[in-house]
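Me: Please walk me through this one, feature by feature. I'd like the general idea each time, then the case at hand.

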Amino acid sequence: MTLQAIKYENGTLEVLDQLLLPKESKYIPILGVEDGWKVINKMQVRGAPAIAIVGCLSLAVEISKEEFEKKKALRREVEGKLNYLISARPTAVNMKQAADHLISYINSLDNDESVSAQEMQARFVAAIEAMLEKDISDNRSIGEFGAKAVLNNVTDGEQVRILTHCNTGSLATAYFGTALGVVRCLHSASRLENCYFTETRPYNQGARLTAYELVHDKIPSTLVCDSTVAYLMKTAQINAVVVGADRVAANGDTANKIGTYQIAVVARHHEVPFYVAAPLTSIDFNVNTGDNIVIEERPQVEMTHINNIRIASPGNIFFFFLIIN
Ligand SMILES: CSC[C@@H](O)[C@@H](O)C(=O)COP(=O)(O)O
């Protein structure tokens, strides 16, 4: 059975509610942009590439239902709604890149006098639908390149131990994944001894989602506490750390799930190669360095509660770790 977090067919969209996983597999119908914005903002769908795909597909669903007599009206609606979707989660750049690309595409269709309003609508929806296929083929390439890069540092035939953080698999993308795609490729080449993955507080994308995917694919793996990473590197002979990215600045600085930085520092200390596996759509050439990446601030309840049960002592505490991306 294939793990399918995004189900789209002929203008109908459903997404797997990732907040309920692994306890429950429930799909949420997305009837338009407002629903798309909500599932992204509430993190029912998450992972930078999946955010962009679901955001854009929610727009495809909405405009497929409408009739446009004037091309300008379609262009205006598309532009406004894409800009709105970007605001759902600011750090992941993929939605912004997709919006820029689609806005310039719709402008070119608008300027082309041989294209009717109906044709413009159909072509625009087809361009969004193509994003799904493109993401899957990009992920497979990332997986292959990444596996090769990791294996370049080890002797012929040696099996490797990988550490990853957060969830970067089928649930975070259209399918296959970025960093987890590298793990999948190493496993199918019979070169993976074990994939260690962090629980990834506060939202436990590792414990809930990466665990779910690795068990599903029968990939040898071990869940570790976030605070185990330094000890693991000292004792478990990790061959490489592979993580995803929410946004990569022009100089290579990378923003990813909170905790990624400390893993990178520890990897450097232990001389373990550290790889960021990401598609070109995660690179933001408009931002020179990581200092200029807008970091998302999440509600403190995501840290103080698990499944609506308070785990932090109540009181007037200043919660420093509000920033989780
Ligand atoms: C292929 S997913 C890339 C990143 O988005 C991923 O590494 C990550 O940190 C996801 O964080 P999330 O906050 O769950 O959206």
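Reply: Let's start with burial: a residue is buried if 20 or more other C-beta atoms, placed from the backbone, lie within 10 Å of its own, exposed if 12 or fewer, and partly exposed in between. Before we use that, note that this is a predicted model, where local features need pLDDT of at least 70, side-chain atom pairs count only at pLDDT 80 or more, and totals for chains, interfaces and linings use all residues. Residues are numbered from 1 along each chain as its sequence is written.

Me: Is Asn10 buried or exposed, then?

Reply: Asn10 is exposed, because just 8 other C-beta atoms fall within 10 Å. You'll find Asn10 in the loop between strand E1 (6–9) and E2. Those labels are DSSP runs numbered from the N terminus: helices are H or I with at least four residues, strands are E with at least two.

Me: What is the phi of Asn10 near?

Reply: The general idea comes in two parts: most residues other than glycine have a negative phi, and most peptide bonds are trans. Asn10 has a positive phi, near 40°, and isn't a glycine. Ser190 is another non-glycine with a positive value, about 60°. Ser190 sits in the loop between helix H6 (179–188) and E5, and it counts as exposed, with 8 C-beta neighbours inside 10 Å.

Me: And which peptide bond is cis, with omega near 5°?

Reply: One is the bond from Leu21 to Pro22, with omega near 5°. Pro22 belongs to the loop between strand E2 (12–16) and strand E3 (27–30). The bond from Arg201 to Pro202 is cis too, again with omega near 5°. Look for Pro202 in the loop that joins strand E5 (192–198) to helix H7 (205–216).

Me: Let's step back to the whole chain. How many helices and strands are there?

Reply: The protein chain has 10 helices and 13 strands. Its radius of gyration is 20 Å, close to the 20 Å that the globule rule gives for 325 residues, so the chain is as compact as a globular protein of that length. (The radius is taken over C-alpha atoms, and the rule is 2.2 Å times the number of residues to the power 0.38.) Along the principal axes, the C-alpha atoms fill a box of roughly 65 × 55 × 40 Å. Of the 325 residues, 46% count as buried.

Me: What covers the buried residues of H6?

Reply: The cover includes helix H5 (117–151), E4, E5, H7 and strand E7 (240–243), going by contacts, meaning C-beta atoms placed from the backbone that lie within 7 Å of each other. H6 is largely enclosed by the rest of the structure, because 9 of its 10 residues are buried. Among the buried ones are Leu180, Val183 and Leu186.

Me: In which sense do E4 and E5 pair?

Reply: Strands pair if DSSP finds at least two bridges between them. E4 and E5 do so in the parallel sense, over 5 bridges. Ile162 stands opposite Cys195 in E5, and Leu163 opposite Tyr196. As for cover, 4 of the 5 residues of strand E4 (160–164) are buried. E5 is largely enclosed as well, since 5 of its 7 residues are buried.

Me: How far apart are the end C-alpha atoms of helix H2?

Reply: The expected span of a helix is 1.5 Å times one less than its number of residues. Helix H2 (residues 48–64) has 17 residues and should span 24 Å; its end C-alpha atoms are 24 Å apart, which agrees. H2 is mostly covered, with 16 of its 17 residues buried.

Me: Which residues are closest to the ligand?

Reply: Here a residue is near if its C-beta atom, placed from the backbone, lies within 6 Å of the molecule. That gives 18 residues around the ligand, the closest being Arg46, Ala48, Ala172, Gly244 and Lys257. The shell divides into 7 nonpolar, 8 polar and 3 charged residues. Ala, Val, Leu, Ile, Met, Phe, Trp, Tyr, Cys and Pro count as nonpolar, Asp, Glu, Lys and Arg as charged, and the others, Gly among them, as polar.

Me: One last thing: which residues does Pro90 touch?

Reply: Leaving out residues up to four places away in sequence, Pro90 touches Val294 and Glu296. Pro90 lies in the loop between helix H3 (71–86) and helix H4 (94–111), and it is partly exposed, with 17 other C-beta atoms within 10 Å. Pro90 and Glu297 are 207 residues apart in sequence yet 9.3 Å apart in space, C-alpha to C-alpha. Across the protein chain, residues 24 or more positions apart account for 76% of the contacts with a separation of 6 or more.

Conventions: Two residues are in contact if their C-beta atoms, placed from the backbone, lie within 7 Å.
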